[in-house]
Amino acid sequence: MMLNLKIIGQGRTADIFEYEEGKIIKLFKQEFPEDAINQEFLVSKFVHSLGIKIPQPFELTQLDSRFGIVFERMSGTTLLHEMTSKPWLINKQSRKLARLQYELHCHPAHDAVEELRYQKSVLVDNIQLAPLLTEDEKEQIKSYLKGLPDDNKLCHGDFHPDNVLIGSNSCIIDWMTGMIGNPAGDVARTVILLSFGTLPNETCRTVKLLISYLRNRIKTAYLKQYLKLTGREFKEIDRWILPVAAARLIECIPDEEKRKLIVIIRKRLQAIS
């Protein structure tokens, strides 16, 4: 039974409820794979052990036939909410987004081979299952991916403003997609999300319109700050756009976004063929 728990957040894969004092419980949709939930718990434990500011994971549990994870309750609001409620601070908040991602990319993750998956393996698996691509296109993209540089840094795998909480301290949430890999690929994912990512269905129309209007400003300020902090060149990130965009096609996103991704993918395939 749910024991009349108060819901405080909703997403595509899970709902967040108040739990015991100082804790929340993230309950996943009933059809959500149990192994993916276990993955988030293990990755969150590892990331928390590094001293990175994230909600501490306490235990796996089950309520009302739904699997869940009990986390430390963190105060604050999402960076996405801050951006839309205070658009005059958009450049400052975008730089904050870049700084937080840069800081997590400073952590080697080679000691977490049991908890974290490898970036290229995840991308290959997703590309192979991607709809709308021909088998020949999939083989071309996977072959191209093999030639990209490896690394062993901690990557979030789904880093965007709605996965950052801002309060007395900033923290990064939703670590199910955490992986070992090249930060350039992680940033490429963020660039794609900032460019085309669809907001959750429950997002109000006003916020959706505002984000649509602010997308380019957010992306430009974010990238400028990330490149400044790392000394990287944008071409290092741009090389990862093709496989990361192809891998995103397996996700539950609107057809309109998939069509935009397909245009990018095929344009880039033409450029390398």
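These legends accompany close-up views of a predicted model. Local features need pLDDT of at least 70 and side-chain atom pairs count only at pLDDT 80 or more, while totals for chains, interfaces and linings use all residues. Numbering starts from 1 along each chain as its sequence is written, and side-chain values use heavy atoms, leaving out hydrogens and water.

**View 1. The open sheet and its order.** Here 5 strands run in the order E1-E2-E3-E5-E4 with antiparallel pairing; strands are DSSP E runs of at least two residues, helices H or I runs of at least four, numbered from the N terminus, and two strands pair if DSSP finds at least two bridges between them. At the edges sit E1 (7-10) and E4 (57-63), each pairing on one side only.

**View 2. Strands E2 and E3.** Have a look at E2 (residues 14-18) beside E3 (residues 23-28): they pair in the antiparallel sense over 5 bridges. Glu 18 stands opposite Ile 24 in E3.

**View 3. The largest nonpolar core.** This core has 56 residues, and Ile 237 and Ile 265 have the most contacts inside it. A nonpolar core is a set of buried Ala, Val, Leu, Ile, Met, Phe, Trp, Tyr and Cys residues joined through side-chain atoms within 4.5 Å; buried means under 20% relative accessible area, with a 1.4 Å probe and protein chains only. Helix H7 (residues 205-230) gives the most to this core, with 7 residues.

**View 4. Helix H6, mostly covered.** In H6 (residues 183-196), 13 of the 14 residues are buried. At its N-terminal end, Asn 182 acts as a cap, with a side-chain oxygen 2.9 Å from the backbone nitrogen of Ala 184.

Technical notes. Buried means under 20% relative accessible area, exposed over 50%, partly exposed in between (1.4 Å probe, protein chains only). A polar contact is a pair of N or O atoms within 3.5 Å; within protein, one must be able to donate a hydrogen and the other to accept it, and residues adjacent in sequence count only if both atoms are side-chain atoms.
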